[in-house]
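Good morning, colleagues. Please bring up the sequence and the structure, and keep both in view while I go through them.

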Amino acid sequence: MKTLREGFTADAIPQKVRAFMAGKTYKPNENIGYDDLSYLRVKYYDFEHKVQSGEIIVNKALAGEVLEIFAELFDAEYEIEKIRLADHYDADDDRCMADNNSSSFNYRVVAGTQTVSAHGYGRAIDINPLYNPYIVGDKIMPPNGKPYADRSKAFPHKIDENDICYKIFTSKGWRWGGHWKTQKDYQHFYKQRQNPVKTLIRRILK
């Protein structure tokens, strides 16, 4: 087990949790296994500003920095309504978003495509998705996030470039779906996998 500090830990996924995930967020595949993932416990402030303990599963390679991100959010007293495994929603992303649940791993494809989502690799985290919806053309996901689709308005829990959540994630090299051009995913932070060839070239050129 890795402990960043009290309340912020990362460990191999317990057998009980693996059983809970089976057939929901985890499906047999050739891309990622349970041992490639880490089970994190993190503290956070809920919308009543009470301290809660949440659970989230991310790519094992990102576990340390995700603990750091949530610790920094906690220190800033940043409010997140809930942090639960998407399995509590039977891995239904629409239900998870509609309930404003912040989560990461879910082996699924990008909506409307056959491409495995960054969530399918545990390399993306959605924060307060109801208040920060995913917008494609006229479609708003979750639908009950429509009141928050107009980003020119000011409202609580809105993620933009001035938000501390945005600043913390991007300071560690994560990208934000709010920067996408043809669609907007304001809840979505992701860390791309590094291309080993490009990484080697960069090192040689330094």
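I begin with the hairpin made by β3 and β4, in which 5 residues lie between the two strands. Within that turn, His49 has a positive phi of about 60 degrees. I should say at once that this is a predicted model.

How many bridges hold the two strands of this hairpin together? There are 9 bridges between β3 and strand β4, residues 51-59, and the pairing is antiparallel. One pair to locate on your screens is Tyr44 with its bridge partner in β4, Gln52.

β3 also pairs with strand β2, which covers residues 8-11. Here the strands run antiparallel as well, joined by 3 bridges. In this pairing, Thr9 stands opposite Arg41 of β3. As for accessibility, β3 spans residues 37-45 and is mostly covered, with 8 of its 9 residues buried.

Let me turn to helix α2. Its 13 residues, 63-75, should span 18 Å at 1.5 Å a residue, and the end C-alpha atoms are indeed 18 Å apart, so the expected and modelled values agree. Which residues of this helix are buried? They are Ala63, Val66, Leu67, Ile69, Phe70, Ala71, Leu73 and Phe74. As a reminder for reading such a list, an α-helix has 3.6 residues a turn, so residues three or four places apart point the same way. After α2 comes Glu77, whose phi is positive, near 55 degrees.

A further element is an open sheet of 3 strands in the order β9-β8-β11, with antiparallel pairing. The edges are taken by β9, residues 139-141, and β11, residues 184-185; each has a single partner strand, so one side of each is left without a neighbour in the sheet. Between β8, residues 134-136, and β9 there are 3 bridges in the antiparallel sense. Among the residues concerned, Ile135 has Ile140 of β9 as its bridge partner.

Finally, the interior space. The count of cavities of 30 Å³ or more comes to 1, and the largest cavity holds about 40 Å³ of space. Which residues line the largest cavity? The lining consists of Met21, Thr25, Ile56, Ile57, Leu85, Ala86, Asp87, Ser103, Ser104 and Phe105. By class, that lining has 6 nonpolar, 3 polar and 1 charged residues.

To close, I would ask you to return to the hairpin of β3 and β4, and to recall that β3 pairs antiparallel with β2 and with β4. Thank you for your attention.

Notes. Residues numbered from 1 in each chain as written. Predicted model: local features only at pLDDT ≥ 70, side-chain atom pairs only at ≥ 80, totals over all residues. Heavy atoms only, no water. Helix = DSSP H or I, 4+ residues; strand = E, 2+ residues; numbered from the N terminus. Expected span 1.5 Å × (residues − 1). Buried < 20%, exposed > 50% of the residue type's maximum accessible area, 1.4 Å probe, protein only. Pairing = 2+ DSSP bridges. 1 Å grid on protein atoms, 1.4 Å probe; cavity = no way out; pocket = protein on both sides within 12 Å on 5 of 7 lines; lining within 4 Å. Points joined across faces, edges and corners; volume = space filled by probe spheres on them. Nonpolar A, V, L, I, M, F, W, Y, C, P; charged D, E, K, R; others polar.
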